[in-house]
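Have the sequence and the model open side by side. The text below walks through them step by step.

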Amino acid sequence: MSDRKSLLNKRRRHSIIAFEMIRLDRTAAEPLHEQLYRQIRDELRSGSFTGGASRLPSSRALAVDLGISRLTVNLAFSKLYREGYLRSKARSGTFVAYRLVGHRPRISGRVRAIPDQRVGKQFDLGALGAGAGVSLVPGLPAVDEFPIDIWERLRSQVLAQKGAHLLRHASSRGDADLRKAVATYLCDFRGARCHPDQILIVGGMQQAMLISAMALLDPGEAVWIEDPGFHQARRVFILAGAKLVPKPLDQEGIVIARSLKENQPKIIHVTPSHQYPLGMTMSFERRTALLDFARSHNAFIFEDDFYAEFRFTGAPLPCLQGIDNFSRVIYAGTMSKILYPSLRLGYVVAPEQLIDPLVKIRSTIDQHSSAIDQATLARFITEGFFLSHVKRMRKLYAERREFFIKEFNKLLSDRFVLQIPEAGLNFVAWLRCDADFARVARVRAKIGIKPSPLSFYCIQAKLKPAFVFGFAAWTPAQIRESLLRLASALK
């Protein structure tokens with residue numbers, strides 16, 4: 001009898017919708033019950049609840065989970081009842097209205113498998129979820145330092161020179177001048193070995209990963225991925241139908257050793273210049289071992305050259321592609337972190353035999369990137385503005401980095417141990433006391449500071465509690481003010 005009751009309780013628990021992405025901003029002008037109403041409404045509209053999950057948690061349980069009063073939850077529920085989103089059932093609880101359950105479109109398993117719980121207006125904040133006034137978000141560059149006047153002047157010049165030609169369909173491989181400029185830059189400054197015909201201009205790093213996966217993978221084939229690692233890579237490869245095999249890291253980078261249970265990889269995704277988020281640089285010995293493994297196992301390495309331009313300690317190592325003698329590396333970079341995120345331009349350097357399949361997929365997806373932006377970027381590189389910008393930003397980021405280290409250790413060293421990487425625009429701060437994790441997670445939303453929990457980047461990795469802080473997009477005064485707010489809130 002007890003077993004039957006346990007099974008029934010388990011089924012009931014599984015039928016309750018889990019509102020995991022509700023984020024309430026106690027500093028906002030909008031009342032908490034309105035924020036809660038709006039976010040639940042958006043999630044119900046999206047139809048993201050799955051299986052038999054059509055029952056809402058009780059007002060008491062949701063209030064405890066969100067750390068708010070039961071009255072706040074009841075006010076939100078009352079409005080949802082009035083607008084027809086909810087229905088009640090005597091002695092059973094609160095349920096999604098029949099019209100939402102019965103007429104939801106069938107969403108493919110491919111979409112349901114993507115590890116992304118955002119809904120509705122949460123997508124308006126972009127990939128990093130950084131709203132106005134939120135600070136210390138990892139991954140944000142200092143866009144206010146971008147030379148817009150130079151960019152606009154070059155844009156006007158290319159429009160005047162090429163006119164309507166830039167308004168027509170463009171090459172699916174990418175602007176010829178831009179491919180030539182990128183090839184020259186990579187050979188001169190990243191140690192790559194390539195020519196313009198090996199380069200494909202894409203709409204950012206995620207598109208580079210997606211078309212590479214679609215060219216090489218059949219559904220269910222294995223992709224090795226760093227754990228912890230870049231969360232967008234996880235989403236892209238799952239969308240492409242890959243079987244993800246999370247691989248642990250040591251001080252030299254991804255651990256190559258393969259257990260008998262692990263699938264042989266078709267693609268190995270790595271960030272050797274700056275592992276994200278832990279920050280180590282892959283050693284030369286590990287790079288050569290990885291190339292040997294890829295060659296002997298007929299795998300391809302997808303080299304995501306993350307933050308390669310922003311190295312602050314020691315001499316940079318050449319990219320993997322530059323030391324690959326067997327055409328096993330697909331090398332990719334993006335302009336989002338160097339120039340500005342909304343530019344959505346990146347590049348792929350691929351072995352010659354892969355270029356046509358990659359271009360065929362790119363052409364099928366969206367033909368090409370903006371011809372005007374590509375032509376402008378080509379001029380920006382060839383006339384020396386790109387290198388000047390990189391050098392200026394490296395100096396600026398180095399100053400902000402040193403300031404962040406000094407202020408963080410002065411204000412928060414009693415609670416965190418700050419790990420200092422050789423490169424990149426983020427820090428991992430390890431909690432001295434594991435029990436502080438919930439408190440930090442709770443106060444950061446209240447005070448408008450948004451470091452990411454390290455666990456957000458993990459698949460199977462079980463690491464000590466830590467948070468990933470960004471620093472690049474904020475002035476020293478803003479960094480100090482943000483760290484003071486955090487230190488004060490934790491006291």
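Is R392 buried, partly exposed or exposed? R392 is partly exposed, because its relative accessible area is 38% and the partly exposed class runs between the 20% and 50% cut-offs. Keep in mind that this is a predicted model.

Now look at the partner of R392. E145 forms a salt bridge with R392, and the closest N and O atoms are 3.2 Å apart. E145 sits in the loop between α6 (109-112) and α7 (148-162), while R392 belongs to helix α14 (residues 385-412), so this pair ties together parts 247 residues apart in sequence. E145 also counts as partly exposed, at 25% relative accessibility.

A second pair links a helix to a strand. R286 and D250 form a salt bridge, with 3.0 Å between the closest N and O atoms. R286 lies in helix α11 (residues 284-296) and D250 in strand β6 (residues 249-250), so the bridge ties together parts that are 36 residues apart in sequence. The two ends fall into separate accessibility classes. R286 counts as buried because its relative accessibility is 13%, under the 20% limit. D250 is partly exposed, with a relative accessible area of 28%.

Next, find R379 and E383. Their side chains meet in a salt bridge, 2.6 Å from N to O. E383 is partly exposed, at 39% relative accessible area. Salt bridges that share partners also build a network, which joins E145, R392 and R400. Across the model, the count comes to 21 salt bridges.

Turn now to the sheet. It is open and has seven strands, in the order β3-β11-β10-β9-β8-β4-β5, with mixed pairing. Where are its edges? They are at β3 (199-202) and β5 (243-247). Each has a single partner strand, so one side of each is left without a neighbour in the sheet. Neighbouring strands of this sheet are turned against each other by 20 degrees on average, direction ignored.

Zoom in on one pairing. Strand β8 (residues 265-270) and strand β9 (residues 300-304) run parallel, joined by four bridges. In general, strands of a sheet pair through backbone hydrogen bonds, either parallel or antiparallel. H269 stands opposite F302 in β9.

Finally, see what lies across the sheet strands. Helix α8 (residues 176-189) crosses β3, β10 (329-334) and β11 (346-349). Helix α8 runs at about 115 degrees to β3, one of the two edge strands.

Technical notes: Residues are numbered from 1 along each chain as its sequence is written. This is a predicted model: local features need pLDDT of at least 70, side-chain atom pairs count only at pLDDT 80 or more; totals for chains, interfaces and linings use all residues. Side-chain values use heavy atoms; hydrogens and water are left out. A salt bridge is a side-chain nitrogen of Lys or Arg within 4 Å of a carboxyl oxygen of Asp or Glu. Buried means under 20% relative accessible area, exposed over 50%, partly exposed in between (1.4 Å probe, protein chains only). Two strands pair if DSSP finds at least two bridges between them. Axes are lines fitted to C-alpha atoms, for helices over the stretch in contact, and angles run from 0 to 180 degrees between N-to-C directions. Contact means heavy atoms within 4.5 Å.
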